[in-house]
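Subject: Structure handover

Hello,

Here is the structure for your records. My notes on it are below.

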Amino acid sequence: VEALRHKADGYLTGKLWTVIDKPFAGPSGDKHDYVSLASYCWPNPQTANGLPYVSRDGEINPESYQYDRKRLDSMVAGVHTLALAYYHSGEEAYAERAAQQLRAWFLDAPTRMNPHLQYAQMIKGKNEGSSFGIIETETLPWTLDGVALLRRSRSWSTEDHRRLQQWFGDYLAWMRTSEPGRAEARADNNHGTLYDVQTVTFALFTEPVSDPLLLV
């Protein structure tokens with residue numbers, strides 16, 4: 001617990017992570033859209049403008065760090081750590097900071113993320129996004145674990161919770177009905193497995209049902 005609190009203390013200060021912090025907007029022009037690059041794609045050395053980007057498997061292009069993937073992972077880690085620290089210590093400061101971060105990423109109009117991944121893992125000069133990008137939200141179930149630990153806190157209101165359920169409901173609807181979502185649902189590798197983990201988790205969070213088979 002002492003080690004956990006020490007780690008959580010590092011998340012109590014500093015700027016909150018949001019999708020609008022990237023230095024430029026994605027293909028839509030809206031900074032509220034989540035945008036990421038296919039991390040193994042690099043400028044094409046055979047063309048003057050570097051397009052289309054080409055794959056160098058296993059080699060991460062540092063340009064990808066300018067986009068939203070790293071911020072997303074940092075947000076999830078922060079919320080989960082702070083929520084655990086609150087649960088084990090009872091100190092409201094941890095819950096308050098976790099709630100601030102959740103509102104900044106998902107709820108507050110000036111900074112919230114639009115609930116889709118249309119522009120995830122784009123390959124410059126080739127596409128504006130890929131179904132493969134949906135794997136990037138594989139950590140969001142950890143965020144909802146953190147939310148469960150915050151329910152007793154005065155810093156996380158019933159209205160906050162309702163609005164977060166709405167956000168995940170909208171995101172789940174996009175995953176189920178969009179072309180990238182349907183493509184990822186058909187995948188028979190780790191992408192398909194993590195799609196299933198996400199859709200079941202988000203459905204349980206937003207659509208309580210008595211019969212789990214209704215989620216299929």
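The notes cover one helix pair, the aromatic rings and one threonine.

This is a predicted model, in which local features need pLDDT of at least 70 and side-chain atom pairs count only at pLDDT 80 or more, while totals for chains, interfaces and linings use all residues. Residues are numbered from 1 along each chain as its sequence is written, and side-chain values use heavy atoms, with hydrogens and water left out.

Helix pair. The axes (lines fitted to C-alpha atoms, for helices over the stretch in contact, with angles from 0 to 180 degrees between N-to-C directions) of H1 (residues 2-9) and H2 (residues 69-89) come within 9 Å and cross at roughly 135°. Helices here are DSSP runs of H or I, at least four residues, numbered from the N terminus. In H1, Leu4, Arg5, Lys7 and Ala8 are in contact (heavy atoms within 4.5 Å) with Thr81, Leu82, Leu84, Ala85, His88 and Ser89 of H2.

Aromatic rings. The whole structure holds 10 aromatic pairs, meaning rings of Phe, Tyr and Trp (its six-membered ring) with centres within 6.5 Å. One of them, Trp167 with Tyr171, is tilted (neither under 30 degrees, stacked, nor over 60, edge-to-face), at 5.5 Å centre to centre and 40° between the planes. Trp167 is buried (under 20% relative accessible area, 1.4 Å probe, protein chains only) at 1%, and Tyr171 is buried at 0%. Ring pairs link Phe106, Trp167, Phe168, Tyr171, Trp174, Phe202 and Phe205 into a cluster.

Threonine. Thr199 lies in helix H7 (residues 190-206) and is buried at 12%. Beyond neighbours within four places in sequence, Thr199 contacts Leu172 and Met175.

Regards

Terms used: Helices (H or I, at least four residues) and strands (E, at least two) are DSSP runs, numbered from the N terminus. Buried means under 20% relative accessible area, exposed over 50%, partly exposed in between (1.4 Å probe, protein chains only).
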